[in-house]
Amino acid sequence: MSHDILHATIGHVPLFSGLGDGEIDLLRQVGIKKTFAKGTLLMSEGGHGESLFIVQTGKVKVFLSDPDGKEVILSILGPGDFIGEMALIDNEPRSAGVMSMEAVELFVISKADFRSCLAKNPELAANLMKGLCQRLRAADRHIESLALMDVYGRVARALLDLAEHADGKLVINQRLTHKDIGNMVGASREMVSRIFRDLTNAGYIRVEDRRIIVNDILPALP
Ligand code: CMP
């Protein structure tokens, strides 16, 4: 199924797995569903955190930027993922900016409701810790690739990490510009375009219906 039409219902998101029906119903009552257009700044780095979002449809990017507008994309999150937990847990400002990469539907829970649910449900705390461990693992991989790989290896790894199996192919469903990929791997748009030309000429990737198809012989370096 394409990620574009994936829909995460509140009862099925990993963060809430193991919660009783009563608790899920309560969350449904206190939460608000909101929709936002592509390119909406949903959270600002350094801002005050008052709510937790669960992505129901669409994709968002988590990023850091400098005053000149240069940015690094830390992660791309989609249906079933939670955002904004950090400021609610440690009472510090928002650690990063979050922007919709397409139209998104979010389920929004206030800080007070999230914290009261967390205090009553050890399953929720365990799910949250699991999610945070997965993010730390991904961040470790990201640091590894930035420190140890050359730019070809970083682009190759980013493409393999983004690709999903669909119809017997490895497909990147997310529409990404060369600038987006550059912002993920710490390279310029021009460098990413050059690497794409080389990877296409070598038969490692091709574009079909504006989606990137990754040939699984693409070397995962190192
Ligand atoms: P918060 O700091 O409240 O606001 C920004 C959110 O971006 C943060 O909570 C997390 O939900 C998310 N975030 C920050 N860094 C990462 C990361 N490295 N990977 C995935 N999500 C992140």
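What share of the 222 residues of the chain counts as buried? The figure is 43%. This is a predicted model. The chain has seven helices and 12 strands. Three of those helices, and several salt bridges, are the topics below.

**The chain as a whole**

- The C-alpha atoms fill a box of roughly 55 × 40 × 30 Å along the principal axes.
- A compact globule of 222 residues would have a radius of gyration near 17 Å, and the chain has 18 Å, so the two agree.
- Take the contacts between residues at least 6 apart in sequence: 71% of them join residues at least 24 apart.
- The chain exposes about 12,000 Å². Carbon and sulfur atoms supply 55% of that area.

**Helix 3**

- Helix 3 covers residues 111–120.
- Lys111, Phe114 and Cys117 are buried in helix 3. Their arc around the axis is only 135°, so they sit on the same side of helix 3.
- Ala112 and Ala119 are exposed, on the other side of helix 3.
- The buried residues of helix 3 pack against several elements, including helix 1 (21–30) and strand 3 (51–57). Helix 2, strand 8 and helix 4 are also among their partners.

**Helix 4**

- Helix 4 runs over residues 122–148. It has 27 residues.
- From first C-alpha to last, helix 4 reaches 38 Å. That is close to the 39 Å expected at 1.5 Å a residue.
- The buried residues of helix 4 are Leu124, Asn127, Leu128, Gly131, His142 and Ser145.
- These buried residues pack against strand 5, strand 6 (82–83) and helix 2 (85–90), among others. Helix 3, helix 5 and helix 6 are partners too.
- Asp140 lies in helix 4. Its relative accessible area is 43%, so Asp140 is partly exposed.

**Helix 7**

- The 13 residues of helix 7 (residues 189–201) should span 18 Å at 1.5 Å a residue. The end C-alpha atoms are 18 Å apart, which agrees.
- Val192, Ser193, Ile195, Phe196 and Leu199 are the buried residues of helix 7. They cover an arc of only 165° around the axis, so they lie on the same side of helix 7.
- The face turned away from that buried side carries the exposed residues Arg197 and Asn201.
- Two helices are among the elements that cover the buried residues of helix 7: helix 5 (151–162) and helix 6 (178–185). Strand 11 (205–208) and strand 12 (211–214) also help to cover them.
- Gly203 comes just after helix 7 and takes a positive phi of about 80°.
- How far apart are Asp140 and Arg197 in space, C-alpha to C-alpha? They are 29 Å apart, with their positions 57 residues apart in sequence.

**Salt bridges**

- Side chains of opposite charge can pair when their charged atoms come close.
- The count for this model is nine salt bridges.
- Lys33 and Glu105 form one of them, at 3.6 Å from N to O. Lys33 lies in strand 1 (residues 32–36) and Glu105 in strand 8 (residues 104–110), so the pair ties together parts that are 72 residues apart in sequence.
- Are Lys33 and Glu105 buried or exposed? Lys33 has 47% relative accessibility, so Lys33 counts as partly exposed. Glu105 has 18%, so Glu105 counts as buried.
- Glu71 and Lys61 form a salt bridge, with the closest N and O atoms 2.8 Å apart. Glu71 is in strand 5 (residues 71–77) and Lys61 in strand 4 (residues 60–65), so this pair ties together parts that are 10 residues apart in sequence.
- Lys61 has 12% relative accessibility, so Lys61 counts as buried.
- Arg189 and Glu190 form a salt bridge, their closest N and O atoms being 3.2 Å apart. Arg189 has 44% relative accessibility, so Arg189 counts as partly exposed.
- Lys169, Arg206 and Glu208 are joined into one network by salt bridges that share partners.

Terms used. Residues are numbered from 1 along each chain as its sequence is written. This is a predicted model: local features need pLDDT of at least 70, side-chain atom pairs count only at pLDDT 80 or more; totals for chains, interfaces and linings use all residues. Side-chain values use heavy atoms; hydrogens and water are left out. Helices (H or I, at least four residues) and strands (E, at least two) are DSSP runs, numbered from the N terminus. The expected span of a helix is 1.5 Å times one less than its number of residues. Buried means under 20% relative accessible area, exposed over 50%, partly exposed in between (1.4 Å probe, protein chains only). The arc is that of the directions from the helix axis to the C-beta atoms. Contact means heavy atoms within 4.5 Å. The radius of gyration is taken over C-alpha atoms; the globule rule is 2.2 Å times the number of residues to the power 0.38. Accessible areas come from the Shrake-Rupley method with a 1.4 Å probe; for residues, only the protein chains shown count as cover. A salt bridge is a side-chain nitrogen of Lys or Arg within 4 Å of a carboxyl oxygen of Asp or Glu.
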